[in-house]
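Reader: I'm new to this and would like to go through a structure step by step. Can we take it one question at a time?

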Amino acid sequence: MATGADQVVGMSLVLFSLLLFSYYTVWVIVLPFVDSDHLLHRYFLPREYSVILPGIAAVVLLLCIGAFTVVVVWKNRKPKKVD
Amino acid sequence: MTKLLQWLLGVSLLGIIWAVIAFDLLELSVPGTYREVAWSMPLYLLVSFGCYSLATVGYRVATFNDCDEAARELQEQIKEAKEDLRKKGLKI
């Protein structure tokens, strides 16, 4: 078995993704069938955000990948040799 | 039929079914809430696939066995390789 930090990081990733999945499932699939005066609606943002927030997350992810690529390419550029 | 064609066929079939339900293209009078849920299906499936990938990576990180011997052997090989390359003129 993996030890120490590996186990903690791995299990916290699993837990985080389970929580995210459950919250998103209730938000997108369960809430439309629940009456609008039910208490459950208090724990969830308006439904437009269920589209906007993943959109923002995707943009941030792409920006990070792009920034990483730029940094790596910049560090490894070599000036052309002049014969 | 190639795998690509099979995948494209499957994806377009699902896409057509989704569009017909979500945008009421055939006037099937599906109730409003069902149409709303159907409309958000592609995004929901994408998010759940992301969650599944994250969970799989996390679980495999947590359960991968430590291989002390292989780790030591790898460090040895890295040292040897660095020495070798240094002799040949590469600066690390």
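Reader: Which residues of chain B does the UniProt annotation "transmembrane region" cover?

Author: Sure, but keep in mind that this is a predicted model. The label comes from an unreviewed UniProt entry. In that record, the stretch marked "transmembrane region" in chain B is residues 43-62.

Reader: How far apart are the end C-alpha atoms of residues 43-62 of chain B?

Author: Look at the secondary structure of that stretch to begin with: it's 100% helix and 0% strand. From one end C-alpha atom to the other, residues 43-62 of chain B cover 29 Å.

Reader: What about the whole of chain B: why is it described as more spread out than a compact globule?

Author: Reading along the sequence, you'll meet the pattern α-α-α-α, with four helices and zero strands in chain B. The globule rule gives 12 Å for 92 residues, so chain B is more spread out than a compact globule, with a radius of gyration of 26 Å.

Reader: And how many of the 92 residues of chain B count as buried, as a percentage?

Author: Picture the C-alpha trace first: along its principal axes it spans about 75 × 35 × 25 Å. Of the 92 residues in chain B, the share that counts as buried is 3%.

Reader: Which element gives the most to the side of chain B that touches chain A?

Author: The contact takes 22 residues from chain A and 20 from chain B. On chain B's side, α2 (32-39) and α3 (41-63) each supply at least two residues. Those residues of chain B split into twelve nonpolar, six polar and two charged. With 13 residues, the top contributor is α3(B).

Methods. Residues numbered from 1 in each chain as written. Chains lettered and ligands numbered in written order. Predicted model: local features only at pLDDT ≥ 70, side-chain atom pairs only at ≥ 80, totals over all residues. Contact = placed C-beta atoms within 7 Å. Nonpolar A, V, L, I, M, F, W, Y, C, P; charged D, E, K, R; others polar. UniProt positions renumbered as here; feature names shortened; annotations may be inferred. Rg over C-alpha atoms; globule rule 2.2 N^0.38 Å. Buried ≥ 20, exposed ≤ 12 C-beta atoms within 10 Å, placed from the backbone.
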